[in-house]
Amino acid sequence: MPPEKIEIFKNLEGWAEQNILVHLKAVEKCWQPQDFLPDPASDGFHDQVMELRERAKEIPDDYFVVLVGDMITEEALPTYQTLLNNGDGVRDETAASLTSWAKWIRGWTAEENRHGDLLNKYLYLCGRVDMRQIEKTIQYLIGSGMDPRTENSPYLGFIYTSFQERATFISHGNTARHAKEYGDSKLAQICGTIASDEKRHETAYTKIVEKLFEIDPDATVLALADMMRKKITMPAHLMYNGRDDNLFDHFSSVAQRLGVYTAKDYADILEFLVGRWKVEDKTGLSSEGRKAQDYVCGLPQRIRRLALGRAKKPQYVPFSWIFDKEVKL
Ligand SMILES: [Fe+2]
Ligand SMILES: [Fe+2]
């Protein structure tokens, strides 16, 4: 990124301290995975585990495929911290830097770390999934990284994270809703609690982009159009389990069929963000900026039209995560 753009983020240090760091929760006020899991130090541990497993018996395999995929996505957190630390002008230069951006990146990572931990421990205890296969998938995924095509631009990076936090808010919210429908209110609480963290993070990232729209509307609208033309790749798009070369597509097809995360959600997120950032109302843009503005404002409708035409014939695929049982895509 050119030096004058890097300067923008340096100048926003004080603003970020006041407006962004406040969206992190103090550790003492945070929930921890243990709050939602059987307590291994208590006499009731075995009974609590048995109850958890009884509840899990009522839940179908396809739900577990999606929950495992979500957990694996959360577990690749080192990659997302790396991504944020690629941003010119915001990266954590020392791993303990005291700039607001660096404090945010570490604080956000520390909060996110609880998501994978909680889902991982729940799935381990539930007895419904092949933990070794899942662990292999996590190792492959962290080893592969991801390519969100945000270059080193925090404009692109913060647009990407705004989108992603809202996407995870929606998907964890949906797994919560489905767990409740299957009669497992404890699992619903687990997914719902994670969803509420994602919502808080979404608020922070969208606020950053809102600020960028305020001080540098042209570059920001161009970045938004650029990001949308490249399409928002999902964080776990390089997922592999050692067998299935299309694992991510298969996982996302199941998530789409169950309504946990769909093409409609993608369009809805974009529409939400365009509204949140009042993209339509921006004036004084360059001719390129106006073109970008028109493109992003019309895009949600176009995505919805495309999604309608996509009817697939039923297909069944085995998932190593659930002992190679076949699940409809
Ligand atoms: Fe998360
Ligand atoms: Fe998140």
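**Exercise 1. Find the protein donors of the iron ion (ligand 1) and work out which parts of the chain they tie together.**

Step 1. Start at the metal: Glu74 (OE, listed twice), Glu112 (OE), His115 (ND1) and Glu198 (OE) are the protein donors of the iron ion (ligand 1), lying 2.1 to 2.4 Å from it. Donors here are N, O and S atoms within 2.8 Å of the metal (3.2 Å for Na, K and Ca); water is not among the atoms, so sites may look incomplete. This is a predicted model, where local features need pLDDT of at least 70, side-chain atom pairs count only at pLDDT 80 or more, and totals for chains, interfaces and linings use all residues. Residues are numbered from 1 along each chain as its sequence is written, chains are lettered from A and ligands numbered from 1 in the order written, and side-chain values use heavy atoms, leaving out hydrogens and water.

Step 2. Along the sequence, read the spacing as E-x37-E-x2-H-x82-E.

Step 3. Glutamate 112 sits in helix α6 (residues 100-126) and glutamate 198 in helix α9 (residues 185-215), so the pair links parts 86 residues apart in sequence. Helices are DSSP runs (H or I, at least four residues), numbered from the N terminus.

**Exercise 2. Which residue coordinates both iron ions, and is it buried or exposed?**

Step 1. Glutamate 112 coordinates both ligand 1 and ligand 2, and these iron ions are 3.3 Å apart.

Step 2. Glutamate 112 is buried, as is glutamate 198. Buried means under 20% relative accessible area, exposed over 50%, partly exposed in between (1.4 Å probe, protein chains only).

Methods: Helix = DSSP H or I, 4+ residues; strand = E, 2+ residues; numbered from the N terminus.
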